[in-house]
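Thanks for coming, everyone. I will keep this brief. Please take a look at the structure on the screen.

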Amino acid sequence: MLQLVEAAVHDETFLLELYVSTRSEEVSGWGWGTEEIHAFLAMQFQFRQKSYASRYAEAKPQLVMQDGRRIGVLLVARETGFIVLVDIALLPDAQNRGTGTALLQLLQEEAQASGRPILLHVQSASRAKSLYERLGFRTTKAEGVYDEMQWKPTFS
């Protein structure tokens, strides 16, 4: 069973490990050693955390829990005109098991009930983009290596 629990200060180490686990493959081809990769990703993680806190001050990271185990994070900003999916990440061993789909469908239910679209940014080459497309998200803007995608609620 999935649960969402607000992350606490003591979860910072897990959040860093999660970030590293989702980015290590991307930077492993740069010819760096393990220590250099970890140091670089730790620096990027800290910068990203500060950027998110500045831009989405009201959004609080939620841990994705399954059977009492932390398996991911979900960060959502609920703004007046839309819902922003700021970040969603799962540990590698929790991926491709329907968890991301379930989380996104919960967010879509909230968006449908509130009449607000969901907005997100994803790397154009990311495997996650096909998941978003399968769930009805459409690319609205290409911005360098990122695509802005949106899901709009239907009105009866």
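One definition before we start: a nonpolar core is a set of buried Ala, Val, Leu, Ile, Met, Phe, Trp, Tyr and Cys residues joined through side-chain atoms within 4.5 Å. Buried means under 20% relative accessible area. And a caution: this is a predicted model.

Now to the core itself. The largest nonpolar core has 21 residues. Which of them touch the most other members? They are L85, I118, L120, Y132 and F137. Strand 3, strand 4, helix 3, strand 5, helix 4 and strand 7, residues 146-151, each give two or more residues to this core. Helix 3 gives the most, with four residues. There is also a second, separate core, of 18 residues. Among its members are F14, F40, L41 and A42.

Back to F137 for a moment. What does F137 touch, once residues up to four places away in sequence are set aside? The list is Q108, I118, L120, Y132, M149, Q150 and W151. I118, L120 and Y132 you have already met, as core members.

Next, the overall fold. The protein chain has four helices and seven strands. Reading along the sequence, the pattern is β-α-α-β-β-β-α-β-α-β-β. The radius of gyration is 16 Å, and the globule rule gives 15 Å for 156 residues, so the chain is as compact as a globular protein of that length. The C-alpha trace spans about 55 × 35 × 30 Å along its principal axes. Of the 156 residues, 41% count as buried. Now take the contacts with a separation of 6 or more: 55% of them join residues 24 or more positions apart.

Here is one residue that shows such a long-range link. M65 sits in strand 2, residues 62-66. Is M65 buried or exposed? M65 has a relative accessible area of 14%, so it is buried; the cut-off is under 20%. In sequence, M65 and L4 are 61 residues apart. In space, their C-alpha atoms are 6.1 Å apart. Leaving aside neighbours within four places in sequence, M65 is in contact with M1, L2, Q3, V5 and R70.

On to the pockets. Rolling a probe the size of a water molecule over the atoms shows where empty space is left.

The largest pocket has a volume of about 1900 Å³. Its lining has 50 residues. Which lie nearest the centre? They are T22, D87, I88, S126 and A128. Several elements give two or more residues to that lining: helix 1, helix 2, strand 3, strand 4, helix 3, strand 5 and helix 4. Helix 1 gives the most, with nine residues. By type, the lining splits into 26 nonpolar, 15 polar and nine charged residues.

The second largest pocket holds about 220 Å³ of space. Its lining is E12, L15, Q49, Y52, A53, Y56, A57, A59, K60, P61 and L75. Helix 1 and helix 2 each supply at least two of these residues. The largest share, three residues, comes from helix 2. Here the split is eight nonpolar, one polar and two charged.

To recap: a largest core of 21 residues, a second, separate core of 18, and a largest pocket of about 1900 Å³. The floor is yours.

Key
Residues numbered from 1 in each chain as written. Predicted model: local features only at pLDDT ≥ 70, side-chain atom pairs only at ≥ 80, totals over all residues. Heavy atoms only, no water. 1 Å grid on protein atoms, 1.4 Å probe; cavity = no way out; pocket = protein on both sides within 12 Å on 5 of 7 lines; lining within 4 Å. Points joined across faces, edges and corners; volume = space filled by probe spheres on them. Nonpolar A, V, L, I, M, F, W, Y, C, P; charged D, E, K, R; others polar. Buried < 20%, exposed > 50% of the residue type's maximum accessible area, 1.4 Å probe, protein only. Contact = heavy atoms within 4.5 Å. Rg over C-alpha atoms; globule rule 2.2 N^0.38 Å.
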